[in-house]
Amino acid sequence: MLTIALPKGRIAEETLEIFSKVFGGEFAFDNRKLILENHGFRFLNVRSQDVPTYVSYGAADIGVVGLDVITEQNLDIVDLLDMQLGKCKVAIGIKNEDELDWSRADIKVATKMVNITKNYFAKKAVGVEVIKLYGSIELAPLIGLADAIVDIVETGSTMRENGLQVAEDIMESSAHLIANKNSFYAKKSEILSLSESIKRFI
Ligand code: PRP
């Protein structure tokens, strides 16, 4: 049996739709249930940021999670397949009336993605003060908590509605299929054949 960690919400639903197409029948979590067993698979319904944790500890053999989360956490896992779901980008946002002044020594950036932010500014050799938030990131520059944000932009409407603009793109992201290293070697043919089947439906 393969255990598969899925991130709550749309990516889980779209992944389960792919399983329905591959194996037939309905794949869906019952109301509030966190485990689904079907066709010899066990699916876990977890928070997006927790998917790499379940996979890297081997509590799940494989998982589906955004490349942004994988990059932020930098854990030792196998990246099997870009599932082309949940496409978005990670970008720097600032107020419409502002410009990003790279010559400033102490840009304050609010974000959930502390490591991606630090690495990006380090590559540009610009000092940054990172302020960690857990949500509603777009609020920070409006209220003077930060000069800029680093956040996910999907449709762009959250930034637009809050008078923010993208100053710079950092990376593209989409959901990837990942595997625990030990599981990958122990269950290689099973995992690779599943990955191939999924690939045919994306
Ligand atoms: C994400 C992200 C932005 C928004 C971007 O938040 O942090 O706020 O989506 O999407 P858009 O470009 O389509 O407007 P999410 O809804 O995941 O909530 P969170 O703040 O709890 O992370």
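Which backbone N or O atom lies 2.7 Å from an oxygen atom of the ligand? In this predicted model, that atom belongs to the backbone of Gly156. Two further polar contacts to oxygen atoms of the ligand involve Asp151 and Ser136. For Asp151, an N or O atom of the side chain is 2.9 Å from a ligand oxygen. For Ser136, the atom concerned is a backbone N or O, at a distance of 3.5 Å. The ligand taken alone exposes 500 Å², and the protein buries 63% of that area.

The ligand occupies the space of the largest pocket. Two elements give two or more residues each to the surrounding shell, namely strand β8 (148-153) and helix α6 (157-161). Of these, β8 provides the largest share of the shell, with three residues. The residues around the ligand include Asp151, Ile152 and Val153, positions that fall within the range 148-153 of β8. Ser157 and Thr158 are also among the residues around the ligand, and both positions fall within the range 157-161 of α6. Other members of the shell are Lys112, Gly135, Ser136, Glu138, Glu154, Thr155 and Gly156. By residue class, the shell divides into six polar, four charged and two nonpolar residues.

Aromatic pairs were also searched for across the whole structure, and eleven were found. One of them joins Phe19 and Phe23, whose rings are stacked, with 5.8 Å from centre to centre and 25 degrees between the planes. The pair counts as stacked because the planes are under 30 degrees apart. Phe19 and Phe23 both belong to helix α1 (residues 10-23), where four residues, about one turn of the helix, separate them.

Definitions and conventions: Residues numbered from 1 in each chain as written. Predicted model: local features only at pLDDT ≥ 70, side-chain atom pairs only at ≥ 80, totals over all residues. Heavy atoms only, no water. Near = heavy atom within 4 Å. Polar contact = N/O pair within 3.5 Å; in protein donor to acceptor, adjacent residues only side chain to side chain. Areas by Shrake-Rupley, 256 points an atom, 1.4 Å probe, with all protein chains shown as cover. 1 Å grid on protein atoms, 1.4 Å probe; cavity = no way out; pocket = protein on both sides within 12 Å on 5 of 7 lines; lining within 4 Å. Sits in = over half its atoms within 2 Å of the grid points. Nonpolar A, V, L, I, M, F, W, Y, C, P; charged D, E, K, R; others polar. Phe/Tyr/Trp six-rings, centres within 6.5 Å; stacked < 30°, edge-to-face > 60°.
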